[in-house]
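This briefing covers two topics: the cysteines and a nonpolar area of the surface. The structure comes first, and the notes follow.

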Amino acid sequence: MDGRRENARSARKQIFTALLATIPTFTYGIQIGWLSPMGPLLKSADTPALVPFTDNAISWMAAALPLAAICGIPFFSYASDRFGRKICIIGVSFLSCISWTIKLTLITPTALTTARVIAGLASSGCFVVVPVYVKEISQDSLRGALASLTMTVCKLGVIFVYAVGMSVSYKANQAIYLAIAACHVILFCFMPESPNYLLKIDNEAKAAKTICWLRSMSRTNKVVVEELSKLKTEQCIYEAMPRVTVMSVIRDKATFSALRVTLVLMGMQTLSGCFALMNYAADVFRRAGTEWSPNTLALFMGSLQLAGSFFTTMSIEKFGRKLPLACSSLLVSICMATLATYFLLGSESVRWLPVTAVCVCILAYGAGLAPVPMVVMAEVFTFQMRARMAGASMAFSFFCSSMTVLFYTPVANQFGEYVVFYTFATVTLLGVFYTVFCVPETKGKSLDEIQSYWKKPETVFV
């Protein structure tokens, strides 16, 4: 009975810590959904700016975030190992505070693009540092579920910005988002540092204390002793390894194979087109000729995405990583092809079809393509490589995201929207085959077991 109470208390502490750590991804969700309600407002005659914004200005604002994120990734990859996970997570929210302050006080294309650049720097930390921190504070049985919280909370942020964007004024919007980021800066100061990092800086006593607090157990408990011993062994292996270089990554079969799989999964995630769809949700609904309010539909779409992410959070330890990812990719491919066919044929009698396709697409995306690559990225690398390889993976992801949002409008205008959506459909269909044949199942496996998959000489996926 006492053991069950301890386990429940331990799970609650880990869930609370992980949720608080993922608040920066909530603000990132606000940032990526921000243009859907705010873009049409800024371009309208009722704009809070002196003059309405142009389509070109909105496109660059959309692309600024992922492009800036690429630049911020090397810094956060280095800083998380040099200064710790905790201080970097606080730094992410501090950058968000600066971004929202600019949006609140200056409403010009240059100022808002600058604010999006700063938000991009913050978002690089969200997906380099936060998944690593959550992984390192979690026990193996909760690792998948807590890691998937990163994207679930992000989708909650998307819903939040759709709802608030429709309800209050432009300036009230920015003030609310600023308050959320500022509160997180203060609250996270009271959270523990990752035990892995504490051992890295030779603070074994504090690492043990952190594990005891997270697991709700005494220092002499067998679970705490074994976990600390395992982390110390990993740290000894880490210290014995040579300095991480490009060649050391290439020569290490397991690390290079894990990096390749992670890069492909990130490419599948971003080149699926769902990131562009979220930024231009209101425009897609309007071009489809629907009579519903575009922002109301966008709110509904965000709710579906959250539902998908929540389903994955609750079920990922049951169904694993491969099945949700493959099924999600297939559904997204079908929906993108449906949208492409609709825009190609231009049938006015089935205006419900693109709306349905978009909503099902985002639901499917939230249930697999959005969270699973992040979970896998946090699971497949050693402590020595984790921050740097996560940084490389996210740099590639943000580059792909920036290309999709930057070229979405000009390509759609020049060649037709059906070309864009058929391209997205093709990418995700190829992703289905890659997932089935080339991605290992990592559910419930230790790092050694995962990496042994690529170390076996008989495997063909190396």
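C71 is exposed, with a relative accessible area of 59%. The model discussed here is predicted. The points below deal with cysteines, then with a surface patch and one of its helices.

**Cysteines**

- C97 is in no disulfide, and the nearest cysteine sulfur, that of C183, lies 8.9 Å away.
- A disulfide needs two cysteine sulfur atoms within 2.5 Å, so the 8.9 Å from C97 to the sulfur of C183 rules out a disulfide for C97.
- C97 is buried, its relative accessible area being 11%, whereas C71 is exposed at 59%.
- Across the whole structure, a search finds zero disulfides.

**Nonpolar patch**

- L330, L331, I334, V360, L429, F433, V436 and F437 make up a nonpolar patch on the surface.
- Together these residues have about 700 Å² of accessible area.
- Two helices, α17 (322-345) and α21 (417-438), each supply at least two residues of the patch.
- The most comes from α21, which gives four residues.

**Helix α17**

- L331, one of the patch residues, is found in α17.
- The relative accessible area of L331 is 40%, which makes L331 partly exposed because that value falls between 20% and 50%.
- From its first C-alpha to its last, α17 reaches 35 Å, close to the 34 Å expected for its 24 residues at 1.5 Å a residue.
- G346 comes just after α17 and takes a positive phi of about 65 degrees.

Methods. Residues are numbered from 1 along each chain as its sequence is written. This is a predicted model: local features need pLDDT of at least 70, side-chain atom pairs count only at pLDDT 80 or more; totals for chains, interfaces and linings use all residues. Side-chain values use heavy atoms; hydrogens and water are left out. Buried means under 20% relative accessible area, exposed over 50%, partly exposed in between (1.4 Å probe, protein chains only). Patches are made of residues with over 30% relative accessible area and no salt bridge: like charges are joined within 9 Å, nonpolar side chains (Val, Leu, Ile, Met, Phe, Trp, Tyr) within 5 Å. Accessible areas come from the Shrake-Rupley method with a 1.4 Å probe; for residues, only the protein chains shown count as cover. A salt bridge is a side-chain nitrogen of Lys or Arg within 4 Å of a carboxyl oxygen of Asp or Glu. The expected span of a helix is 1.5 Å times one less than its number of residues.
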